[in-house]
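Okay, thanks for squeezing me in. Let me put the model up, and then we'll walk through it together.

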Amino acid sequence: MTEGVVLEGRGLVKRFGRTVALDGVDLAVRGGEAVAIMGPSGSGKSTLLHCLAGIMRPDAGEVTLLGRRVDGMRERERSALRRSRFGFVFQFGQLLPELPAEENVALPLMLGGVPRARAVQQARTWFGPLGLGGMEGQRPGELSGGQAQRVAIARALVTGPSVVFADEPTGALDQATGHDTMHTLVTAAAHNGASLVVVTHDPQVARWCHRVVEVRDGRLLPGHTPSPEFSGGGAR
Amino acid sequence: MSAAVTIAWRLLRGGGRRGLIGAGLTLAAVAVSTAFLMFTVAVNVAFEHRADREAWRNPVPADAARAVAVQGVRRDFFQGRMITVAEVAALRPGVAPPPGAARFPAPGEAWLSPALAALVRETPPDRLGGRFPNVAGTLAGETLVHPGELVAVLGRAPDDPALAPGRGGDGVAPTPVADFTGRHGADAVAYQSLALVAGVLMVVPLLVFSGAAARLTVARRDQRLAALRLVGATPGQVVGMTVVEAILLALAGAVAGVAGYLAMTPLLARITVAGGTWFVADLWPGVLITFGVLLAVPLLVGASAVLGLRRVVVSPLGVARRETPPGMRVLRVVAFLAVVGAFPVLGRGNAGVVVVAVALALPFLAVNLVGPWVVALIGRVMAGTARRPAWLLAGRRLVDDPRSAWRTVGGVALTGFVAGFVGLLSPSAGLLGDAPADRLRLGVPAAQAATVQAGAERRLRAAGVPARVTVTGTGDRRLVEVTPEPAATPGSTGGSPREGSPEVLERARTALDGLVPGRGASTPAEDDLPGMLLLGDIRTGTVVVLAVSLLVATTSAGITAASSVLDRRQTYALLRLAGTPLSVLDRARRSETLVPLVVMGGGSVATGMFCALPFVYAGLNVTGVLALGVCVVGGFAGVVGAGALSSPLLRSVTANPGPRPD
């Protein structure tokens, strides 16, 4: 966490019908920083993540990545940006069930134009350091929940993104596995110089981050909690 | 069981908008296939009805002691239309009349079908009416093959030369009969056989289609049902719920399909087959068959649903945990090769039409059996050689679920089988040549040729028809040929003699009527007419079978493609969210459909052609090749179109991956 602001949202407003999901949110994420977005169900935390990641266009306000406006981009450009500059880890379901683990990890590289053999070779280098050695050929259905999340982490980081977005990454895991997964996620992101934005309602998860912001009724509450569990360091 | 029904009903109602769309698609699929199934069965019944009504014209000979009448049947013509003329003579008083006549025609009387009676009224007597000078009544519909059929029943004395034993010529020679029941004629049997083969060719894709529709229901429900297993529902309860849901939907679809078919019958009755349209009543297959269809379709759909559920029932985690799929068994290929290899033996020689129909259904089913195996093989090859993500995704998807991919392309591939089969069998239009229609001929024994020639010249002169009368041929039989002179033909302004006026030809024919007892004059083209009608109808049948198969297959492909998008919406949405371009997802979907389609479509066409080989006697022809080409292009375009139609759906389900305001 040594660099300047990488990703920034200013005055973000998003409405769904008459429901105001975001009501003028400002949030800046610095290089290498891990930020947890917390809040109860329906508070707008996932909407904030989707706006920051260029998945959704805010109704008002702006999002910039390294000083470049994201919200004004066309869908095709935002899609390319998500592919190359962002990584994603979700609660479940993000791995393609038909593809072996190594091809799941190699897919973003192939989508970016890397030849298949090289992409798979590059993907394989992630398995050992993440404790997945020997599971390269396994399909997602043959992996445990924690293993599948580590494959997803490898896939999120394989392209060398600036920011990794994680939406309830431990939501489907037990406490011990969730702990391991967060450790892997935070350390691997830090090791690769990626910032991390984690949406969670679990304080145990949030404690892995440098900073915690809380969303209530579409607004960001002040109060930045340092994380006692954050250990920095690298997994690789 | 009542709990299962209640929960199934709740699942059906509580499926939300997407669930309702899915249920609607399934219902529509079952309705369409039921309507076509009814049509397929009804056509066979309709030909049976026609054959029954026509049977009295093919008399069964009776011995002298039992004979009550003599009956001969011949063909007459009017301007290219065939008139069936039955000549009857009662051998004793009080004989029951032929079907359709109110009483037995007295000698010299003519009873005409309504269409012929109208034609006689509208035409100058010297062209047609002269052949039936004493019209005594109109025949009822029960004796007619089709509403517009031209039929005349002529009363004769038992000793009339027209009914002399051994009279040759076309039609049925004079036969002593005990009654007017008769038996099915050769043409009727040919039509029934062809309808049966067409039925088999259409029924299999329809059944496959219904089955696919049922599996779609299960595919949508499997996650929910697996959840029910996880909370403790027994396998029996899960099966019960699924079967109840599938059967409820299928029953509604089947009722809609039967209603749709019945609503369409007045239109379907206007299709011309064997020279005429249909009585609407012919297309009603009867209460028993209709109830049979209404019972069979939901049962079949229910059975398909159970098969589709097998994995969920075996393990509650079967759906939630996606594991490496078991390989498709090579046994499928062995079975396919065995069936296709045995077909030429089964279909050879004098095998009955039912045996051939069954034998035809087997390779058809075998193609369906081997399809998923080939799809999985294609998937392995694609995944192994893929350099681009779309190709890799498509290949892995085919390996993962070859049955699902086969459901999308299977219908069209099976249509390829039909096209290959009928493409070889469909007769060429030129098979019978292009016979002249400008001269009339009368076949006579050689000894009578000169007398008949002189009689013809005398009658034509008396009627004022200038014509050249010649005798041709050698041997025992001669042809007395009458060619109206072109110069005297009104309306023919110096054209070729072939363009002779039909009116003059009919005047000549009417003048010659009765010259040779029991035999009318006809042009060479008219002599070929029954054969031409049959060939034309085979071509029409080919087009109908292919059109129906293609329509069913394309609809099936469309429904399956849409359902596949709905089933995989979460994966697609997350992929797009992570930056995968929509074009890559679309390309992957296209590849996973088109590659198996090309391979299996080609393979099915080849299998169909192979199976048709034992029956080929005239070689390939333009119609067949054209039908094949249209089918290949239509099938390809249909599946591409069906896939393209689900692209907006893909866009819609991936457009907003995080709709919740959380």
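So, to kick off: which residues in α16(B) meet which residues in α18(B)? Before I answer, keep in mind that this is a predicted model. On the α16(B) side we have Leu582(B), Leu585(B) and Asp586(B). Facing them from α18(B) are Ser647(B), Leu650(B), Arg651(B) and Thr654(B). Sort that contact by class and you get 3 nonpolar, 2 polar and 2 charged residues.

Now the geometry. Two packed helices are described by the angle between their axes and the distance between the axes. Here, α16(B) covers residues 582-612 and α18(B) covers 647-655. Their packing angle is about 135°, and the axes are 11 Å apart. The oblique class runs over whatever is left once parallel, antiparallel and perpendicular are taken out, and antiparallel needs over 145 degrees, so α16(B) and α18(B) count as oblique to each other. The crossing of α16(B) past α18(B) is right-handed.

Stay with α18(B) for a second, since α15(B), residues 569-577, packs on it too. What angle do those two axes cross at, and how close do they come? Roughly 70°, coming within 8 Å. That makes α15(B) and α18(B) roughly perpendicular, therefore. This crossing is right-handed as well. From α15(B), the residues involved are Arg569(B), Tyr572(B), Ala573(B) and Arg576(B), and they meet Leu650(B), Val653(B) and Thr654(B) of α18(B). By class, that contact comes out as 4 nonpolar, 1 polar and 2 charged. If Leu650(B) and Thr654(B) sound familiar, they're also on the α18(B) list for the α16(B) contact.

Okay, over to the strands. In chain B there's an open sheet of 3 strands, ordered β7-β9-β8, with antiparallel pairing. Which strands sit at the edges? That would be β7 (440-445) and β8 (467-472), each of which pairs on one side only. From one strand to the next, the twist averages 20°. β7(B) and β9(B), the latter spanning 477-484, are joined by 6 bridges. If you want one to click on, try Leu442(B), whose bridge partner in β9(B) is Val480(B).

Last bit: the two chains together. Chain A puts 35 residues into the contact and chain B puts in 26. On the chain A side, the elements giving two or more residues are β2 (19-30), α1 (45-52), α2 (75-85) and α3 (101-111). Class-wise, that side of chain A splits into 15 nonpolar, 12 polar and 8 charged residues.

That's me done, happy to rotate things if anyone wants a look.

Technical notes. Residues numbered from 1 in each chain as written. Chains lettered and ligands numbered in written order. Predicted model: local features only at pLDDT ≥ 70, side-chain atom pairs only at ≥ 80, totals over all residues. Contact = placed C-beta atoms within 7 Å. Helix = DSSP H or I, 4+ residues; strand = E, 2+ residues; numbered from the N terminus. Nonpolar A, V, L, I, M, F, W, Y, C, P; charged D, E, K, R; others polar. Axes fitted to C-alpha atoms, helices over the stretch in contact; angles between N-to-C directions. Parallel < 35°, antiparallel > 145°, perpendicular 65-115°, else oblique. Left-handed = near helix turned anticlockwise from the far one by under 90°. Pairing = 2+ DSSP bridges.
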